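Reader: I am new to this structure and would like to understand the words used for it. Could you take me through them one at a time?

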Amino acid sequence: MAATKTPFSKKELTDLRKQLLTEREELSRQAAGIEESSFGNPQSELSGDLSSFDEEYADAATETFEREKDLSITNNIRDLTDQIDRAIERIDEGNYGLCERCGRPIEKARIKALPYATLCIKDKQAEERTG
Ligand SMILES: [Zn+2]
């Protein structure tokens, strides 16, 4: 299986690498924006003045909800960033575009839509069926 080479030309790989890096930068910009807006000064509003505790508690509950929402977005961003990193690694190793499960080349249309895909369509569908 290791003998199979990437189905992409050097030029295609260079372009894909650029595309992946751009996408990665975009993601880290998004992540930085979220962190700035919601993790600015964690818990400071709970530790200070107790006289308006109830009010602050209600605020904090809303904020917790917002944070959890942001957190799942942040997790998604982290997941995607990991996938992009792995794709870039695979480009450098020369096995980019090969399915991690069956080792066959991933459909080019799929790579165009999802440059960090690691599974071919068939294996991706199989994975989704089994959950
Ligand atoms: Zn496959």
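Reader: Where does A31 lie, and what makes a stretch of chain count as a helix?

Author: A31 lies in helix α1. Helices are DSSP runs of H or I with at least four residues, strands are runs of E with at least two, and both are numbered from the N terminus. This is a predicted model, in which local features need pLDDT of at least 70 and side-chain atom pairs count only at pLDDT 80 or more, while totals for chains, interfaces and linings use all residues. Residues are numbered from 1 along each chain as its sequence is written, and side-chain values use heavy atoms, with hydrogens and water left out.

Reader: Why is A31 called buried?

Author: Buried means under 20% relative accessible area, exposed means over 50%, and partly exposed is in between (1.4 Å probe, protein chains only). A31 has 14% relative accessibility, so A31 counts as buried. Its C-alpha atom is 9.3 Å from that of N75, and the two residues are 44 apart along the chain.

Reader: Why is K10 called exposed?

Author: K10 is found in helix α1, and its relative accessibility is 75%, so K10 counts as exposed. The C-alpha atoms of K10 and I91 are separated by 9.6 Å, with their positions 81 residues apart along the chain.

Reader: And what makes T4 partly exposed?

Author: T4 has a relative accessible area of 31%, and therefore T4 is partly exposed. T4 sits in the segment before α1. Its C-alpha atom is 7.6 Å from that of R104, although the two are 100 residues apart along the chain.

Reader: How many helices and strands are there, and what share of the protein is buried?

Author: The protein has 5 helices and 0 strands, giving the pattern α-α-α-α-α along the sequence. Of its 131 residues, 26% count as buried.

Reader: What makes the arrangement around the zinc ion tetrahedral?

Author: Let us begin with the donors, which are N, O and S atoms within 2.8 Å of the metal (3.2 Å for Na, K and Ca); water is not among the atoms, so sites may look incomplete. Here the zinc ion is coordinated by C99 (SG), C102 (SG), C120 (SG) and D123 (OD), at 1.8 to 2.4 Å. Four donors count as tetrahedral if all angles lie between 85 and 135 degrees; four count as square planar and six as octahedral if opposite donors are over 155 degrees apart and all others between 65 and 115, and anything else is irregular. The 4 donor atoms subtend angles of 101 to 118°, so the arrangement is tetrahedral. In sequence, the donor residues follow the spacing C-x2-C-x17-C-x2-D, and both C120 and D123 are buried.

Reader: How many aromatic pairs does a search of the whole structure find?

Author: The search finds 1 aromatic pair. F8 and Y96 form this pair, with 5.5 Å centre to centre and 50° between the planes, and the pair is tilted. Rings of Phe, Tyr and Trp (its six-membered ring) pair if their centres lie within 6.5 Å; planes under 30 degrees apart count as stacked, over 60 as edge-to-face and the rest as tilted. The pair links distant parts of the chain, 88 residues apart: F8 is in the segment before α1 (10–38), and Y96 is in the loop between α3 (53–93) and α4 (108–113). F8 has 10% relative accessibility, so F8 counts as buried. Y96 has a relative accessible area of 1%, so Y96 is buried.

Reader: What makes a space a cavity, and what makes one a pocket?

Author: On a 1 Å grid over the protein atoms alone, a cavity is a set of points where a 1.4 Å probe fits but cannot get out, whereas a pocket is an open set with protein on both sides within 12 Å along at least five of seven lines; lining residues have an atom within 4 Å of a point. The largest cavity is lined by A87, R90, Y96, G97, A117 and T118. The lining of the largest pocket includes L80, R110 and E127, and α3 gives the largest share of that lining, 3 residues.
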